[in-house]
Amino acid sequence: MADSHTLDKKHPASMLPETITPDVRFLQQVEAAGPFQASACYQCRKCTNGCPVSFAMDLYPDEVIRLVIVGLPQTVLHSQTIWVCAACETCTTRCPNDVKIAELMDCLKETAVQKGIPCPHPQILDLHNIFLKDLKRWGRVCETTFIPEYLLRSGMLRRMWQAHTLGAEIKLGWRMGRKGRFALLPKTIKGKKEVRNILGRPEKR
Amino acid sequence: MKVAYYPGCSLEGTAKDYAESIQGICASLGIELEEIPDWNCCGATAAHSIHHRAGVELAGRTLNLASQMPHSDLLVPCPMCFNRLKTASWALNRDSANRYGIVLQDSLPSVWDLATFLATDAMLQTTAENMRTPLEGLQVVSYYGCMANRPPEITEADNFENPQALDRIIQNLGATAIPWAYKTDCCGASQVLSRPDIVSHLVGKLYDMAERVGAQAIVVSCQMCQANLDMHQEKIGAEWGKRFSFPVYYFTELIGLAHNVSGVKRWLSRHITDPISLLEQLNLRGNP
């Protein structure tokens, strides 16, 4: 922890105990789901420097890769970074060593969900879950059913109320509706069963 | 010319304007769109984030349905859908294919991002031949977002840091595409619902730069970008201490305008930030 003195108090790596036991197989387990070529990383930080959402991250993308390599899954899987990643693919595109960084972020999200690790921004995971639920319902996603369900269940509606922005959002929704931008009826497909079969049982949370 | 067509879910809802403008201009360009029968949602960000296998298989199912059609080209207007279809065909054509519970059919059509298709030499020529009202005086920046170009290993995009498709189309219509550095910077996409603060930050930067380079409007080919840039300008402007009023046009709407296709005004009436006043100032009056 050479640069622990420079780390912010909130930085997840700064919360690590001084004696740590790395999970030396973590890299192997992650790569088995890829390959993502994480071990090819030489820490040039091109991913972090080009990342549009690094300002909202607790670990920078290069730090995530480093922690995967040294085997600290708990720090990585509890981080905000994996959820804040917008999957814009800038990092993967620019990596000089062909590390599939954005794809690795997805793998870490899925691993965190499977291990039941709570998402530090639950409303981001809710968005994915409720989207897939709507997809399962119709075979396509209908914004008219998906968006209201999301706003209600994720607590975003309550947040808007607390931030005094609910009025403006309702007005915007009303304008959208008047402009004919919400489908009145969901379209359902014949292959709904196939789609449900692909998605399997709902992800446990 | 007959082609297969995969509109995707949002073109049946909030991006109705994009859907209508595509139908309108394809008729004028002699392209007959045949929708993939019984297509399903590609899974989008949700599936690839937390259910990788499903993300590939969902897009794979739609690809297999397209392979049963007699067409050699599949047009995809939504860059997210395009990216997911390309990702599925990439993943299912490799050694790792046995991880997935779906086998890709042979005879898949070529999967095209709509803007890239309409920027091929042949289509640009057809577009030029159908011109009625050149869009002279219109100064815009083109904004591609992420998914049509990145990662190039999947999208097969040539010029992924400085794409040209929209610029070529815009110039071909007689308008000016101002060069700028933010063509492929992310707008935050679906985070508009879960982390609107992130989207405000990202989109605010785009407005700020568009203003600095002297653009009158922003031209897009992605309905998520369009929604994020069009719907919250007043709010984001207030957060930046500025007033932004950029019309955010789909490139297909501009083609429709230049071709005098009927319906242009109806498409534009679905926008939130006023798209009409600028056109009126430039004496570009679209058909109702």
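Where in chain B is Arg285(B) found? I started my notes with this residue, and I kept in mind throughout that the model is predicted.

**Entry 1: Arg285(B)**

I looked up the position and found Arg285(B) in the segment after α15 (276-281) of chain B. Next I wanted to know how covered the residue is. I counted 14 C-beta neighbours inside 10 Å, and because buried needs 20 or more and exposed needs 12 or fewer, Arg285(B) counts as partly exposed. For its contacts I set aside the neighbours within four places in sequence, which left Leu279(B) and Glu280(B). I also noted Leu257(B), which is 28 residues from Arg285(B) in sequence and 7.8 Å away in space, C-alpha to C-alpha.

**Entry 2: how far I trust the model**

I checked the scores before going on. The model has ipTM 0.95 and pTM 0.94. For chain B I noted a mean pLDDT of 96, with 100% of its residues at 70 or more. Chain A averages 91, and 91% of its residues score at least 70. I put a pencil mark beside residues 1-7 of chain A, where pLDDT stays under 50. For that stretch the model has three contacts beyond four places in sequence.

**Entry 3: chain A as a whole**

I went through the secondary structure and found 12 helices and zero strands in chain A. Read from the N terminus on, the elements are α-α-α-α-α-α-α-α-α-α-α-α. The C-alpha trace of chain A spans about 60 × 45 × 30 Å along its principal axes. Of the 205 residues of chain A, 36% count as buried. I then looked at contacts in chain A with a separation of 6 or more, and 67% of these join residues 24 or more positions apart.

The domain assignment splits chain A into domain 1 (4-114) and domain 2 (122-199). I noted 30 Å between the centres of these two domains of chain A, taken over C-alpha atoms.

**Entry 4: a closer look at α7(A)**

Is α7(A) mostly covered or mostly open? I found it mostly covered, with 11 of its 14 residues buried. The buried residues include Ile101(A), Leu104(A), Met105(A), Leu108(A) and Val113(A). Charged residues are on the buried list too, and I wrote down Glu103(A), Asp106(A) and Lys109(A).

I also checked the length of the helix. At 1.5 Å a residue the 14 residues of α7(A) should span 20 Å, and the end C-alpha atoms are 20 Å apart, so the two agree. Just after α7(A), I came across Gly116(A), which takes a positive phi of about 70°.

**Entry 5: where chain A meets chain B**

How many residues does each chain bring to the contact? I noted 49 residues from chain A and 45 residues from chain B. On the side of chain A that touches chain B, the helices that each supply at least two residues are α6 (90-94), α7 (101-114), α8 (122-138), α9 (143-153), α11 (166-178) and α12 (192-199). The largest share of that side, seven residues, comes from α8(A). By class, the side of chain A that touches chain B divides into 26 nonpolar, 10 polar and 13 charged residues.

**Entry 6: the largest nonpolar core**

I looked up which of the 147 residues in the largest nonpolar core touch the most other members, and they are Val76(B), Val140(B), Ile218(B), Val219(B) and Leu254(B). The largest share of this core, eight residues, comes from α7(A), the helix of Entry 4.

I followed up on Val219(B). Leaving aside neighbours within four places in sequence, Val219(B) is in contact with Val140(B), Ser142(B), Tyr143(B), Leu166(B), Ile170(B), Tyr249(B), Phe251(B) and Leu254(B). Val140(B) and Leu254(B) had already come up among the core residues that touch the most other members.

**Entry 7: the two domains of chain B**

My last check was on the domains of chain B, which are assigned as domain 1 (2-115) and domain 2 (133-281). Their centres are 23 Å apart, taken over C-alpha atoms. I found 25 residues of domain 1 of chain B in contact with 29 residues of domain 2 of chain B. On the domain 1 side, α1 (16-29), α4 (79-91) and α5 (114-118) of chain B each supply at least two residues. α1(B) gives the most to that side, with nine residues. By class, I noted 12 nonpolar, eight polar and five charged residues on the domain 1 side.

Definitions and conventions: Residues numbered from 1 in each chain as written. Chains lettered and ligands numbered in written order. Predicted model: local features only at pLDDT ≥ 70, side-chain atom pairs only at ≥ 80, totals over all residues. Domains from an automatic or database assignment. Contact = placed C-beta atoms within 7 Å. Core = buried A, V, L, I, M, F, W, Y, C linked by C-beta atoms within 7 Å. Expected span 1.5 Å × (residues − 1). pLDDT = per-residue confidence, 0-100.
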